[in-house]
Every structure is written in C-alpha cells, then in structure tokens.
Amino acid sequence: MKGPEVMTSLENNSPGDAHLSELELAVETANIPVLLMLLFQATGDGKWLESPYRPTASAGLDDHDSGGLEPVYQDEVRGAALIVLRGLSAGKPLAIALPSQQQAISMMSAFLGESVPEEYGRMMREELARFSGQPLDQYEETAAPVADGFHVILIGMSLAVTVAAKHLQEMGASFQIIERNGRSGGSWLENGYPGAGVDTPSHLYSYSFGSKDWSHHFTLRDDLLTYFDDVIDSLNVNEKVKYDTEVLSTTWDDTEHCWHVRTRSPNGKTEVLQAQVVITAVGIFGKPKLPQLPGMTDFKGRQFHTSAWPKDLDLVDKRVVVVGTGASAMQVVPAIAECVGQLTILQRSPQWVAPFEKFGEAISHSTRYLLANFPLYRAWYWARLFWQFGDKVLTGLRADPAWERPDLAMNARNFAHRRFFVNYIKEQVNGREDLLTKVIPDYPPYGKRMLLDNGWYRALLRPNVQLFAEGARAVTHGGVVTESGKHIEADVIVWATGYDATRFLSSFEVIGRDGVTIREAWNDDDPKTYLGVATPGFPNLFMLGGPHSFPVAGSFMFFMELQMRYVRRLLGKMNSKHITSIEPRQDSTEKYNEEVDELHDRMVWKHEKVQTYFRNEHGRVCVIMPFLNVEYWNKLRDVHLADFNATSAPPPRKPTEEPINAGAER
C-alpha cells in the first residue's frame, strides 16, 4: 500500500507550462488571508499586514476566502501572490522562512482580523514551522543515544500510537505494539455505523507529518481508515505490531525497573513481555455503555450498540428504535431515515446543534492543488482551522461572575451563541412547535459535546420519524417501553448510549508499585494524573489520551502529537541522565489537579443543568481538559524534572525475541 496521497512539492522543481497555467487558475480562487501571509514571508514587506490589505474577522466557520477586502485589493493580492508562488516553484527562498515570536503574533492578528494575545507567539511560530516543513530545533534533549536494551511497549494500534511510533523511530528506540484487533484504526475501526465521520475539518484531523490530499472538508470513516493505514505504511511499523493480541495485564517490577506485559493471542496462548516503558493509547470510546433494562434478553428482533453495527443488517421497511441522541445517533439517524419503515428516537436530553454547511462538501481542485504543492499555504490554511475550531470557541465557555443570566449562558458571548443556535433550530424545524419544545436545550451551549447538523432536523421532519422526549424504561419481546409507559413496536433497537468514558485504562489490569492497581489508585473512575500523561505510583507508564487531556474544541490529533512530544522529551531526559525509573511526584500531581478542578468548576460543563459523560459518578470532570489550546501547549512544551521522582538502577537487560514466560490459558 502506498503512503499518504500527497502531491510532491514543486518548490524545488522547475515550473513547467502546465504547472504555471494551473497555478494561475488556483490563485484566482485562493484564500486571500493565506495569500497575504505568503506575500509577507516571501517578500518581508510589512505593507501586506496593514490596511487596505488587512483582512476583517470571520463571522462564522467558513474559510472567509475574500478576507473582507474590496475587489480591487483582492486583485492586487492575487497578482502579487502569483509572482511569489512562481518564484517559490522555481526554488526562490523566503525572505522570512521562520517568523519570530513577535512576527508570528503580528501575522496571526492580521490574518484573523482580530487581536491575538502575545502568549500565542511561541506556539504559532513552532507549529507553523512544523506544518510548513521549516527546520526547528525542538528535540535537543534527545541527542543522547538510547540505552542498550531500552525497549518500549505500546498498547493499542490507535491514532495516538502512530504518533508515538513515529517519534520512537526517530529516537532509535526499540518498541513493539500490541493491538487487540486485526488492523489499525482504534475507535474508528470499531464504529462502522452508517454516517460515521469526523466533526473536525479534515486538514485539522491530520498528522503534521502525514499530509493528505483530502477530497472533502469533513471526512467519513472509511476514508479516515485508509489515511491511517497509509501513514502507518509510510512509517514501516507494521512489522512491529502484534495484531489480534489482547493485553491482559501490565505489572511494574521495582527491582528490574521494568514492566511485565501479559498478553493473549487468538489461540489462547499467553505471553509475558518485558519493557522499560509502557505507553498506552487505548482511548475512551472502546467500552460501550449499555443500559440494564428489564426484558432486554427477551427482545425477538435485533439489538446492538452503535459500535457493534452488524455488517449484514438490512433496515429497509423495518421498524427501528434509536435510543439516545448523542454524536453517534446524530450521524446514524439521517443516514438511515430514508430507507426504514418507521424510525422512533428516544431522547433523554436535547443537544445543541450547530449548522454544518460543509457537510459532504468537496474541497475545490484549486484549493487541493495549492495545499499539496505549497507547504506554506498548507500551514496557514491549518492555522485558520486551528483558531476557528479551537481557542476562539473555548474563550466563550468560562463563567463570567458578573453575567446576569447564568441560567441561560456563561457570559455574553455564550449568550450570543445561544441566540444564534436557537434561531437556527427554529428555522430548521419549520414551524413544528411540537418539535421545537423537544429540541431546544435548557442548558447553556457547549455544556455537552457540541454536535453538527448533518441532516438531523431534516430527518426529524420526515413523516416516518418520531421523536420522544424521554428515555427507555424496559424492553419487551416486540419493542421498547418508554419512561411514560408507551410501548413502541420495533424490529431493530439501536443503543446509541455512549461509552464508559471515565474509567480510563479499564480494558486490562495495571499493577504499579507495591501491587497497587490503577483502579485502586484512581478510586475506580476518579483519575488524577500529571499533565494527563503520567500518574504517581506507576513509573515509566505514559498515557496518550489520558484523563483530563481530551480537547473539547480543537484537534484530537494535534493534542496526541503534543503529548507524545512531551513523552519524547521525557524519554530523552531519562536516557541522557541514565534514569531508569521516573514518575510524577505526588505534590506535583495534586497541584496540577487542583488547577484542573478549579478551572473546570468555572466551565460550562459544570453548569447545574448539564449532565454529560465528561463527568464521573462523583460529578468531577475527568475526560476533557479545561485549558485553552495555548495553555496546554505551554504546559507540555518543557520538561521539569523537579516535578518527578527519578531513580537509577543497573542497566536493563536487553529484551530477547522470546517472551520471559509463556503458557496456555486455562
């Protein structure tokens, strides 16, 4: 299988007539704010950041291609940009290859048409360099060679593990990946229901090191799986993966300063593998949450969780009940509404739903051409998405103590969001007052995961679709009983009831120092970690996608890269200083969690009217992070060994090809 489908950059090639002709066409429809950033970096002329070329702020989530400029200035920008891009194609160097932190702030403020705080300078400088392929000395602490016998086991061939494998390869570290499924993909592999797709823009839901010529603004599940496979193939790591192998337990050995990882293969054979470091990336959407209702075993039709959608399922003319209205249901319902006979939806709580103009929309050929051939264009295109879907959203989710309507919103900006979303919903239900009372939430926007409208309201208006504002109370042999006692006949029941998201690392047993399990250390579902990547009492255990580290706005892929960069720096410190055992200090962890909890208490998802999977059974938020993207980036940028307990021991034994123990599972 070939690597990610990316056109080769033409910056070092001689521009041919066909290329120049296509370039002219592409520039005619190119994004003006992006072209302005290219003009500034190519020429160093500050006029491109000032009036009359300075873009206006975008009012929504579109690409704002005109930048709000008058047509005459748009034409001037396009003409100048064509000359610059021709020069780049011919190999002409940039006047400013890598902006300074202050230049990055000035550029971002001009680019977005709004003031960007100084704290973003360091982050944007480094990330723009990474996405445009500019050199940046970011891993000087990994210069020390990896110790002989240093071995890492990665658990789960997920999106995050792909990031980890890439960095470990660059370090020259020995590693092995254990994956319970027969191929990569993580939760995307397991969730093959109709309509499954990402609600983050394709170019934001991408690796910085694995560019892709995406065909659509928002990608569906099958294309995502192909992308992941292509990136894995390009890294040549498949030979290091033990597929169809389940991790049963991982146990810390305080004498040898290593982990013993017990696995089981499909034939039932168990092995115990040894590694100095374990990195987990098992995710939070791997353990479905099913209700325990009377009569569930009596149902004569087919019933299943959305994550176990049957491949042979035929829904034509069937009576289908979908229980739940979260993210999965919002994708499933529009995808099946036309073919089923009758579709009934049981909703315990309505969701806030935003317009989704680009759902199913193809990316223009011209845009794809520029993104594929000019890394700097791709970097600034990414920067707009990063801002629009990240911190621009998050700043409106913190409580304003002076706000006079806390029952409806967290602050004035959040209230403006509420008005916008309510007006949108009213437009979509088209005068159906019976629906309107059911679909407008009574809690502030973003209290739960924000959903995007991929045809949800159109589906609700169909004559064969009915929405009940209540949950399920019981199941009979022929259908579902609602909380009010109404019996709904069904041939198929779809449980869109989410996942056991707060019990991190629950798919296998983790035993740390002194025999303490992770469940004991975390009081089952109340985890406390340091930066979301490590926890006291479990040395050399690092988590990607760990507790309180998931972004509520932004890119999951970006945050997995942030976390692995941090782990890489930490591993570099371990090797350069001959550390064999490292774990966060208890006081450092407590201090971090105090900050996390205090910030969460001021966020919209702690509002009294909100019930969400973000919180555990005690009401503590332990899934998502409360920080702005830039705040978390800064926390992970540098390793402070003073926050860790680090010890040394005799050099670890070099792992052999054979496991240290093996036997048949009884």
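Buried means under 20% relative accessible area. Keep that cut-off handy for the exercises below, and remember that the model is predicted.

**Exercise 1. Place Glu 126 and decide: is this residue buried or exposed?**

Solution.
- Start with the location: Glu 126 belongs to helix H5.
- Now the surface value. The relative accessible area of Glu 126 is 6%, and the cut-off for buried is under 20%. So Glu 126 is buried.
- Next, look at who sits around it. Skip the neighbours within four places in sequence, and Glu 126 is in contact with Leu 136, Trp 633 and Arg 637.

**Exercise 2. Work out how H5 and H19 are oriented to each other, and which residues meet.**

Solution.
- Take the geometry: H5 covers residues 121–132 and H19 covers residues 629–637, and the two pack at an angle of about 80° with their axes 10 Å apart.
- Angles of 65 to 115 degrees count as roughly perpendicular, so that is the label for H5 and H19.
- Then list the contact. H5 brings Arg 122, Met 123, Glu 126 and Glu 127, while H19 brings Asn 629, Val 630, Trp 633 and Arg 637.
- Sort those residues by type and you get three nonpolar, one polar and four charged.

**Exercise 3. Trace the open sheet and find which strands stand at its edges.**

Solution.
- Write down the order: E3-E2-E1-E7-E19, five strands with parallel pairing.
- Read off the ends. E3 (241–242) and E19 (541–543) each have a single partner strand, so one side of each has no neighbour in the sheet.
- Zoom in on one pair: E1 (residues 151–155) and E2 (residues 174–178) run parallel over five bridges. Ile 155 is set opposite Ile 178 in E2.
- Add the helices. H6 (residues 159–171) lies across E1 and E2, at about 165° to E1. H17 (residues 556–576) lies across E7 (277–280) and E19, at about 160° to E19.

**Exercise 4. Describe the E5–E6 hairpin and say how many residues of E6 are buried.**

Solution.
- Pair the strands: E5 (residues 258–264) and E6 are antiparallel over six bridges.
- Pick a bridge to check in the viewer: Val 261 is partnered by Leu 273 in E6.
- Look at the turn. Four residues lie between the two strands of the hairpin, and Gly 268 there has a positive phi of about 90°.
- Finish with the burial count: six of the seven residues of E6 (residues 269–275) are buried, leaving the strand mostly covered.

**Exercise 5. Characterise the surroundings of Ile 518.**

Solution.
- Ile 518 sits in helix H16 (residues 518–521).
- Its relative accessibility is 1%, so Ile 518 counts as buried.
- With neighbours within four places in sequence set aside, Ile 518 is in contact with Leu 505, Val 510, Thr 535 and Phe 538.
- For a sense of scale, compare it with Leu 346: the two are 172 residues apart along the chain, and their C-alpha atoms are separated by 36 Å.

**Exercise 6. How many disulfides does the whole structure hold, and how accessible are Cys 339 and Cys 622?**

Solution.
- The cut-off you need is a pair of cysteine sulfur atoms within 2.5 Å. Searching the whole structure turns up zero disulfides.
- Cys 339 comes out at 33% relative accessibility, so this residue is partly exposed.
- Cys 622 has a relative accessible area of 0% and is therefore buried.

How values were computed: Residues numbered from 1 in each chain as written. Predicted model: local features only at pLDDT ≥ 70, side-chain atom pairs only at ≥ 80, totals over all residues. Heavy atoms only, no water. Buried < 20%, exposed > 50% of the residue type's maximum accessible area, 1.4 Å probe, protein only. Axes fitted to C-alpha atoms, helices over the stretch in contact; angles between N-to-C directions. Parallel < 35°, antiparallel > 145°, perpendicular 65-115°, else oblique. Contact = heavy atoms within 4.5 Å. Nonpolar A, V, L, I, M, F, W, Y, C, P; charged D, E, K, R; others polar. Pairing = 2+ DSSP bridges.
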